[in-house]
Amino acid sequence: MDATFFFDPACPWTWRTSRWLVAVAQARGLGLEWRAFSLAILNDGQVPPEFAEAMAASGRVLRLVEALRAQGRHDDAGRLYTEVGARSHDAGDPLSDKIVAAAVDAAGLTDAAAALDDERWDAAVHKSHALAYGSAGPDIGSPVLMVPDASRGIHGPIITEVPGTEDALTIWDSMLPLMRLDTFHELKRARR
């Protein structure tokens, strides 16, 4: 894989970043690995009531993502996330079990859908989350991006809107050498 993207499907900022990365992967022929990053785990399960349904649905998606990863089905995991994000973030609807079910069907993943409710996959979600957090943390959230030959991952990039292909490639081409420098730590500016 040319890049590993750790994500929480409930996060709208992460969704935008994922669409940037998909555009880069298509333009450059990169292989992507999709992995779990849980905002619920990050916050020690302390989820405000208004986000409880979305976080529960997110946890179910992350189980399936890790089940697909274990089978080497990276493209299927990416297709699942595309369907989830289109139905949730693009449509302006909070993530829910109904959205998850529709996304699984649309992605053609009914053969693997049992993982959504299989708590045995929670350990894999925790392990994936710990890998991402240990690579880029502390003081980070979703998403985390890791690339080969980089000793650490990064949180982000966080983008406010999905750029066109030329700008997407500029971000990638600028960020990749920085990620591979052990002396590089952080670049940040306030969101608008």
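The largest nonpolar core has 53 residues in this predicted model. Trp20, Trp34, Leu64, Leu80, Leu95, Leu145 and Trp172 have the most contacts inside that core. Helix α3, residues 52-70, gives the most to it, with eight residues. In soluble globular proteins, nonpolar side chains tend to be buried together. An open sheet of four strands is also present, as are seven aromatic pairs.

**Contacts of one core residue**

- Trp172 is among the residues with the most contacts inside the core.
- Beyond its neighbours within four places in sequence, Trp172 is in contact with Ala3, Trp20, Leu21, Val24, Arg28, Leu30, Leu145 and Val147.
- Two of these partners, Trp20 and Leu145, are themselves listed with the most contacts inside the core.

**The sheet**

- The strand order is β2-β1-β3-β4, and the pairing is mixed.
- Strands β2 and β4 (154-155) form the edges, and each pairs on one side only.
- Strands β1 and β2 run parallel to each other where they pair, over five bridges.
- Phe5 stands opposite Trp34 in β2.

**Helices on the sheet**

- Helix α6, residues 122-136, packs on the sheet and touches β1, β2, β3 (144-146) and β4.
- The direction of helix α6 makes about 105° with that of β2.
- Helix α7, residues 165-179, lies across β1, β3 and β4.
- Helix α7 runs at about 75° to β3.

**Strand β1, inside the structure**

- Five of the five residues of β1 are buried, so the strand is largely enclosed by the rest of the structure.
- In a regular strand the side chains alternate between the two faces of the sheet.
- On one side of β1 are Ala3, Phe5 and Phe7, all buried.
- On the other side are Thr4 and Phe6, also buried, so that both faces of β1 are covered.
- Phe5 has 1% relative accessibility, and Phe7 has 0%.
- Both values fall under the 20% cut-off, so both residues count as buried.

**Aromatic pairs**

- The structure holds seven aromatic pairs.
- One of them is Phe5 with Trp34, 5.5 Å centre to centre.
- The planes of Phe5 and Trp34 stand at 75°, and the pair is edge-to-face.
- Phe5 lies in strand β1 (residues 3-7) and Trp34 in strand β2 (residues 32-36), so their pair ties together parts that are 29 residues apart in sequence.
- Trp34 counts as buried because its relative accessibility is 4%, under the 20% cut-off.
- Trp34 also pairs with Phe7, with ring centres 5.9 Å apart.
- The planes of Phe7 and Trp34 lie at 85°, so this pair is edge-to-face.
- The pair of Phe7 in β1 and Trp34 in β2 links distant parts of the chain, 27 residues apart.
- Ring pairs link Phe5, Phe7, Trp15, Trp34 and Tyr81 into a cluster.

**Charges over rings**

- Arg19 lies over the face of Tyr81, a member of that cluster.
- The distance from Arg19 to the ring centre of Tyr81 is 5.7 Å.
- The charged end of Arg16 sits over the ring of Trp13, 4.8 Å from its centre.

**Two alanines in helices**

- Ala25 is found in helix α1, residues 12-28.
- Ala25 has a relative accessible area of 9% and is buried.
- Apart from its neighbours within four places in sequence, Ala25 is in contact with Leu30 and Leu32.
- The C-alpha atoms of Ala25 and Pro177 are separated by 17 Å, with their positions 152 residues apart along the chain.
- Ala123 is found in helix α6, the helix that packs on the sheet.
- Ala123 is exposed, with a relative accessible area of 55%.
- Ala123 and Ala113 are ten residues apart along the chain, and their C-alpha atoms are separated by 17 Å.

Key. Residues numbered from 1 in each chain as written. Predicted model: local features only at pLDDT ≥ 70, side-chain atom pairs only at ≥ 80, totals over all residues. Heavy atoms only, no water. Phe/Tyr/Trp six-rings, centres within 6.5 Å; stacked < 30°, edge-to-face > 60°. Buried < 20%, exposed > 50% of the residue type's maximum accessible area, 1.4 Å probe, protein only. Lys NZ or Arg CZ within 6 Å of the ring centre and 35° of its normal. Core = buried A, V, L, I, M, F, W, Y, C linked by side-chain atoms within 4.5 Å. Contact = heavy atoms within 4.5 Å. Pairing = 2+ DSSP bridges. Axes fitted to C-alpha atoms, helices over the stretch in contact; angles between N-to-C directions.
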